[in-house]
Amino acid sequence: MKSEFTNQLITGIQSVPIIYIPHFHYSLVDEVLMEILGSRPGKPSSLGLGRDSIMEFDISRGIVDFYTKKEEKDLSAYSKLSTFITCIVDYDDYFEKEKIFLFKDFAEAMQDSKMLSLLKLFASKYENGCYDDLVTIIIVSPEPVSMLPESIQKFLTIVDILPPNVDEIKSVLLKAVGEKCLQDDAKARRYVDDMVRTLQGLQMYEVKQTLRTVLSLTNGRLTGRAIEFALEEKKRIVKKSGIIEIVDTDIKFDDVGGLKRLQDDLQLKSRIFSNLGDAAKYNVPIPKGILIIGMPGCGKSMIAQATANKFGVSLLRLDVSRLMGKYVGESEANLRFALATAEAAHPCVLWIDEIEKAFAGTNNSGGNNDMLVMRMMGHFLTWMQERKTPVYIVATANDVMRPEFMRKGRFDEVYFVDFPDKTEREEILRKKIAKRYVSQKDSIFDFSGIGDWSAVVEPMEGEYGGFSGSEIECVLNIVVEEKFSCYLTSKEKSNDASFEPEKIKVTREDFSRAIGKIKSSVMSNQKSEKGGEKTSIERIREMQKVYKFINAKG
């Protein structure tokens, strides 16, 4: 939000020696500084500073005029970076009116030991009262602070540029489309809120860039097609982060077999989430989200996708494997960026798959990694506790979690997903067949002769329970592939261009053979050796005995 960034920048100029802005939108920083300096017509300086209170240094050209970006040739004697920084440190001898010294793309230069020493000396002299309170170095660079040398990080005050809010996006949209055009086009007016919602979560530069691209494709008109273009552009931009992605999903609760209690609870949450205005009016708390712990391949990920579909909001997926960075502080910065993106894109569902991998810590790590995990976990739990925006979290885990996540209040509820029982296995298999084959007009597979479906799924069971949903799908795939191979053999033997295939009959025996091929390796048959390390399946079952989470089946 521009106003919040402006206020933070004003506060920083008044109180700290060095401000670091980790961002790429230089023109926005210039715009805000012009407003602070009173360089806009009719806007006096909020700090009593004038146009000549700022000096900008270009890494490639030396000192440039802040307003025109032209090289200050009469100051070429100070164009060497180290010379210029030394002049700032020895402030009284060189400058009369300048208070703010602006550097862009400066992160690489900060790797130099001499440059670091000068910056630290400047901060030390500021602390000792050697300068006017408004004398400030402002550094703008797209690199996260975690990529800077650790020795300088403690001397920097970070001022983030947050994504624009709804009103700011709407203002840019109306300017881009033209309010007059909207007044004359009733259909376009209906798309304003949809477009604003689509653009939420992007930075202002990206909002403007996306609108330019989209409107050029629709001849400047705001249409349903423009919304589709904007969504595709947003996906492309968000995907570049490598941490958060927007997921398209057509999965509904009807596609999920079993987990009746969990589905019923989410139906209730969806009613609240779809009526946030009334909920806020009557002090009904915004649903926070759920943690689903349980057996791999048993529908946890499908529930996340079906939830977003039911809530009617975007689904954002956080890739926890990409949170961990190689630089000190980079992992925490990645997490903050991911959570900020989700908040800006509200209302949305944030799907954190295999969350235990991000906060595993003590299972198999050293002390340094444990400290990192604790810091990240602390930030995440604090964010969950304090956030006010409607970001509904669906976190899934295939292994044990830290006790801190189990406390009531972190999530709305924690659910346990066990391997499906016989009735659920039949429901899962029937739904998969119905969606992939029965509902397809040109399907050549005929499952009508199966007869007793309960007899088909009865042998789908191991030591700790039934086959998982993904393993049931694997059985179905084996059956279909083998029957399809038989069909191809018949087609090849016929050697007839007008070959008309007959329906391929699928039998119970086909399923029995397929089950036999994978039964020994299914998840529910995974057992640890006597005295050896327990499998994830055994760890999860033991955890459930202790915590007694709500069974997602009901």
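## The open sheet

In this predicted model, seven strands make up an open sheet with mixed pairing. Their order across the sheet is β7-β9-β10-β11-β8-β12-β15. The edges are taken by β7 (244–247) and β15 (550–551); each has a single partner strand, so one side of each has no neighbour in the sheet.

Two of the pairings can be followed residue by residue. β8 and β12 run parallel and are paired over five bridges, with isoleucine 292 opposite tyrosine 415 of β12. β12 and β15 are also parallel, joined by two bridges. In that pairing, phenylalanine 416 stands opposite asparagine 551 of β15.

## Strand β12

Five of the five residues of β12 are buried, so the strand is largely enclosed by the rest of the structure. In a regular strand, side chains alternate between the two faces of the sheet. In β12, Glu413, Tyr415 and Val417 point one way, while Val414 and Phe416 point the other way. Residues on both sides are buried, the charged Glu413 among them.

## Helix α14

Helix α14 covers residues 300–311, twelve residues in total. From its first C-alpha to its last it reaches 17 Å, close to the 16 Å expected at 1.5 Å a residue. Just after the helix, glycine 312 takes a positive phi of about 70°.

The buried residues of α14 are Lys300, Ile303, Ala304, Gln305, Ala306, Thr307, Ala308 and Phe311. They pack against one helix, α12 (260–273), and against the strands β8 (289–294), β9 (314–318), β10 (348–352), β11 (391–397) and β12 (413–417). These five strands also belong to the seven-stranded sheet.

## The largest pocket

The largest pocket has a volume of about 1,500 Å³. Its lining consists of 43 residues, and those nearest the centre are Gln203, Arg336, Phe337, Ala340 and Thr341. Elements that give two or more residues to this lining are α1 (2–15), α11 (224–239), α15 (330–344) and α16 (367–386). The largest share, ten residues, comes from α15.

By residue type, the lining of the largest pocket divides into 22 nonpolar, 13 polar and eight charged residues.

## Cavities

A search of the whole structure finds two cavities of 30 Å³ or more. The second largest cavity holds about 30 Å³ of space. Gln200, Gly201, Lys234, Val238, Ile246, Leu316, Thr341 and Ala345 form its lining. Four of these lining residues are nonpolar, three are polar and one is charged.

Thr341 appears both in the lining of this cavity and among the residues nearest the centre of the largest pocket.

## Positive phi outside glycine

Most residues other than glycine have a negative phi. Two loop residues depart from this. Asparagine 219 has a positive phi of about 55° and is found in the loop between α10 (204–217) and α11. At 73% relative accessibility, asparagine 219 is above the 50% cut-off and therefore counts as exposed.

Glutamate 354 also has a positive phi, near 55°. Its place is in the loop between β10 and α16. With 26% relative accessibility, glutamate 354 lies between the 20% and 50% cut-offs, so it counts as partly exposed.

Key. Residues numbered from 1 in each chain as written. Predicted model: local features only at pLDDT ≥ 70, side-chain atom pairs only at ≥ 80, totals over all residues. Heavy atoms only, no water. 1 Å grid on protein atoms, 1.4 Å probe; cavity = no way out; pocket = protein on both sides within 12 Å on 5 of 7 lines; lining within 4 Å. Points joined across faces, edges and corners; volume = space filled by probe spheres on them. Helix = DSSP H or I, 4+ residues; strand = E, 2+ residues; numbered from the N terminus. Expected span 1.5 Å × (residues − 1). Buried < 20%, exposed > 50% of the residue type's maximum accessible area, 1.4 Å probe, protein only. Contact = heavy atoms within 4.5 Å. Pairing = 2+ DSSP bridges.
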